[in-house]
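Welcome! Here is a short briefing to read alongside the sequence and the 3D view, so take a moment to turn the structure around first.

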Amino acid sequence: MTGLADQAWFRDPALGRILALLSADGGEGRVVGGAVRNSLMGLPVNDVDIATTLRPEAVMERAAAAGIKAVPTGLEHGTVTLVIDGKPFEVTTLRTDVETDGRHAKVAFSTDWKADSERRDLTINALYADAKGEVVDLVGGLADIETRNIRFIGDAARRIAEDHLRILRFFRFFAYYGSGRPDPEGLKACSLARSKLTTLSAERVWSELRKLLGADDPGRALLWMRQVAVLTEILPESERWGIDAIPSLITTEKALGWTPDPLLRLAAIVPPDAARMEALAVRLKLSNAEAAYLKAWAMAAPVNDDMSSAAFERLLYRNGADGITTRLKLALAVARGKAESDFDEMARSARLNKLLDRAMHWKKPPFPLNGGDVISAGIASGPRVGELLAGLENQWVEENFVSDRAALLARLQERVQ
């Protein structure tokens, strides 16, 4: 059998204490899901989830007797969070599905490990590790780990019918862990059920899409999502725009050390149309910050890569740096993608890179005057104050911010006389 006993995370005394607690007196606890999967794939382990044959009330009773803090985070679903030295471990009772409707599931508690594993979504997510660190595979997940095959447990169409979000999870896990082509049965089932994605909450859809876009390289997953029309179903804005910019963007990110940014990658596959981006933000219920990011990008003024330094400074002042930075990153990725075979694009990419560096480090200079200065000069409160201030600021910007406060006050006096 495959074992994880030598893994540092598994040797954590806190985890050992919890597994011993759950596995005493006829009970059993096993690590399940991501920690097992990632260890077997040589990837970092962040969270450790535990499955148990004990009902949640029994878990809380045992924890209390052992002096372990227990938080009833989801008793109706069988979940209790045990906390040792500030470190949380989510413990969930084995379950079987009583009723599913594609969005929610009614469950019954169980002591059957096989039934619990078979109700999960993908084979690589349904592996357990017992208290000794031995891996227990009841659904063929080990073989899929070896080949990096992302496969639904049992009948793919049935798994999707239980929870339509599994369509997006299939592609998300392919982006993070898959290799080669996606599993044909899973791909077909996702395609046939894609219209069911509209029955899900926008928050769940965007959460999955954002996670997928945050993968090290989501390019292959997006390609297959597009091939079977799943991408169009959740992101119709991408239909005509396409995903051709993604490969060069990923290459540029890695070459220049950019942190993967789901919103930048989203911007690469949708059109820079402010009205459509506003509608997208509403439909997917993006956060205010996410919606503002897309709006700033869509409304940002075009950047000429050969524009003068002074002109670029004026552009940044009038438009802000955020949207322009996004535009420059996308333009740079495209230019770098062509640079290997095109000398002009190589030179353009160098210019864009220089502009991007300036935009990322740019700080807006404060305009030296304010409305109080205009009123002090003898202008009564009203529209005229704003008009004078705007005119002076515009002239100050056109002169590349060289005039100081004294010069601007003198100019103000000239205008009010």
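How many of the residues of strand 4 are buried? The answer is 6 of its 6, so to speak a strand that is mostly covered. Keep in mind that this is a predicted model. The points below begin with the sheet around strand 4 and then move on to some helices.

**The sheet**
- The open sheet is built from 7 strands, and their order across it is 3-4-5-2-1-8-9. The pairing in this sheet is mixed.
- Two strands sit at the edges, strand 3 (69-74) and strand 9 (135-137), and each of them pairs on one side only.
- Going from one strand to the next, the twist averages 35 degrees.

**Strand 4 and its partners**
- Strand 4 covers residues 79-84, and 6 bridges join it to strand 5 (residues 87-93). These two strands run antiparallel.
- One pair to look for is Thr79, which stands opposite Thr92 in strand 5.
- Strand 3 also pairs with strand 4 in the antiparallel sense, over 4 bridges. Here, Lys69 has Val83 in strand 4 as its bridge partner.
- Both pairings are hairpins: strand 3 and strand 4 have 4 residues between them, while strand 4 and strand 5 have 2 residues between them.
- Each turn holds a residue with a positive phi: Gly78 at about 85 degrees in the turn between strands 3 and 4, and Asp85 at about 50 degrees in the turn between strands 4 and 5.
- The side chains of strand 4 point two ways, with Thr79, Thr81 and Val83 on one side and Val80, Leu82 and Ile84 on the other, and all are buried.
- Helix 3 (residues 56-65) lies across strand 2 (49-52), strand 3, strand 4 and strand 5. Its direction is at about 15 degrees to strand 4.

**Helix 9, a helix with a buried face**
- Helix 9 (residues 202-213) has 12 residues, which should span 16 Å at 1.5 Å a residue; its end C-alpha atoms are 16 Å apart, so the two agree.
- Its buried residues are Ala202, Val205, Trp206, Glu208, Leu209, Leu212 and Leu213.
- Looking down the axis of helix 9, you would find these buried residues within an arc of 165 degrees, so they line one face of the helix.
- A handy rule helps here: an α-helix has 3.6 residues a turn, so residues three or four places apart point the same way.
- The buried residues of helix 9 pack against several helices, including helix 7 (166-177), helix 10 (219-227) and helix 16 (288-299).

**Helices 17 and 18**
- The axes of helix 17 (residues 309-319) and helix 18 (residues 321-339) come within 7 Å and cross at roughly 125 degrees. That angle makes helix 17 oblique to helix 18.
- Helix 17 contributes Phe312, Leu315, Leu316 and Asn319 to the contact, and helix 18 contributes Ala321, Ile324 and Leu328.

**Leu280, a buried residue**
- Leu280 belongs to helix 15, and it counts as buried because its relative accessibility is 0%.
- Leaving aside residues up to four places away in sequence, Leu280 touches Leu235, Glu237, Leu266, Val270, Leu286 and Leu294.
- One of these, Val270, is 10 residues from Leu280 in sequence and 9.9 Å away in space, C-alpha to C-alpha.

Technical notes: Residues are numbered from 1 along each chain as its sequence is written. This is a predicted model: local features need pLDDT of at least 70, side-chain atom pairs count only at pLDDT 80 or more; totals for chains, interfaces and linings use all residues. Side-chain values use heavy atoms; hydrogens and water are left out. Two strands pair if DSSP finds at least two bridges between them. Axes are lines fitted to C-alpha atoms, for helices over the stretch in contact, and angles run from 0 to 180 degrees between N-to-C directions. Contact means heavy atoms within 4.5 Å. The expected span of a helix is 1.5 Å times one less than its number of residues. Buried means under 20% relative accessible area, exposed over 50%, partly exposed in between (1.4 Å probe, protein chains only). The arc is that of the directions from the helix axis to the C-beta atoms. Angles under 35 degrees count as roughly parallel, over 145 as roughly antiparallel, 65 to 115 as roughly perpendicular and the rest as oblique.
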